Amino acid sequence: MAQVQFAVRRIAVILNFMEEPKIAAKKSIPVEVEEGKKYFFCSCGSSQNQPFCDGAHSGTEFNPIAFTAEKSGIAYFCQCKRSGKVPYCDGTHNSL
Ligand code: FES
């Protein structure tokens with residue numbers, strides 16, 4: 001679901017209906033997550049608590065993307081905010 005939301009947003013950006021998110025970093029960030037726990041991924045790139053939302057999107061057209069971790073362990077999250085596998089990194093930052 002998160003990937004569908006993000007894909008729709010990317011299309012809106014390409015069509016100039018929405019602004020580009022800020023690139024928080026051009027590298028993934030490893031974070032320990034817990035199976036079944038709900039998290040809120042920052043889609044705007046302005047959070048100081050990457051890769052998660054800290055409310056910095058307030059007043060913008062961005063919203064956090066909710067997702068539930070499928071398994072416990074280290075996950076590598078997107079910080080460039082352009083991954084095709086949001087909230088996870090797919091290496092897109094290498095082409096930016
Ligand atoms: S701070 Fe980026 S989506 Fe909330």
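Pro87 is placed in the segment after strand E4 (73-77), where helices (H or I, at least four residues) and strands (E, at least two) are DSSP runs numbered from the N terminus. The model is predicted: local features need pLDDT of at least 70, side-chain atom pairs count only at pLDDT 80 or more, and totals for chains, interfaces and linings use all residues. Residues are numbered from 1 along each chain as its sequence is written.

**Exercise 1.** Determine which form the peptide bond from Val86 to Pro87 takes.

*Solution.* Omega of this bond, from Val86 to Pro87, is near 10°, and the bond is cis. Another cis bond, from Gln50 to Pro51, also has omega near 10°. Pro51 lies in the loop between E2 and E3. For background, most peptide bonds are trans.

**Exercise 2.** Establish whether Lys81 is buried or exposed.

*Solution.* Step one: Lys81 lies in the segment after E4. Step two: a residue is buried if 20 or more other C-beta atoms lie within 10 Å of its own, exposed if 12 or fewer, and partly exposed in between, with C-beta atoms placed from the backbone. Step three: Lys81 has 27 C-beta neighbours inside 10 Å and is therefore buried. Lys81 also has a positive phi of about 65°, although it is not a glycine.

**Exercise 3.** Describe the surroundings of Asp54.

*Solution.* Asp54 is located in the loop between strand E2 (38-41) and strand E3 (65-68). Because 14 other C-beta atoms lie within 10 Å, Asp54 is partly exposed. Leaving aside neighbours within four places in sequence, Asp54 is in contact (C-beta atoms, placed from the backbone, within 7 Å) with Ser47, Gln48 and Asn49.

Technical notes: Two residues are in contact if their C-beta atoms, placed from the backbone, lie within 7 Å.
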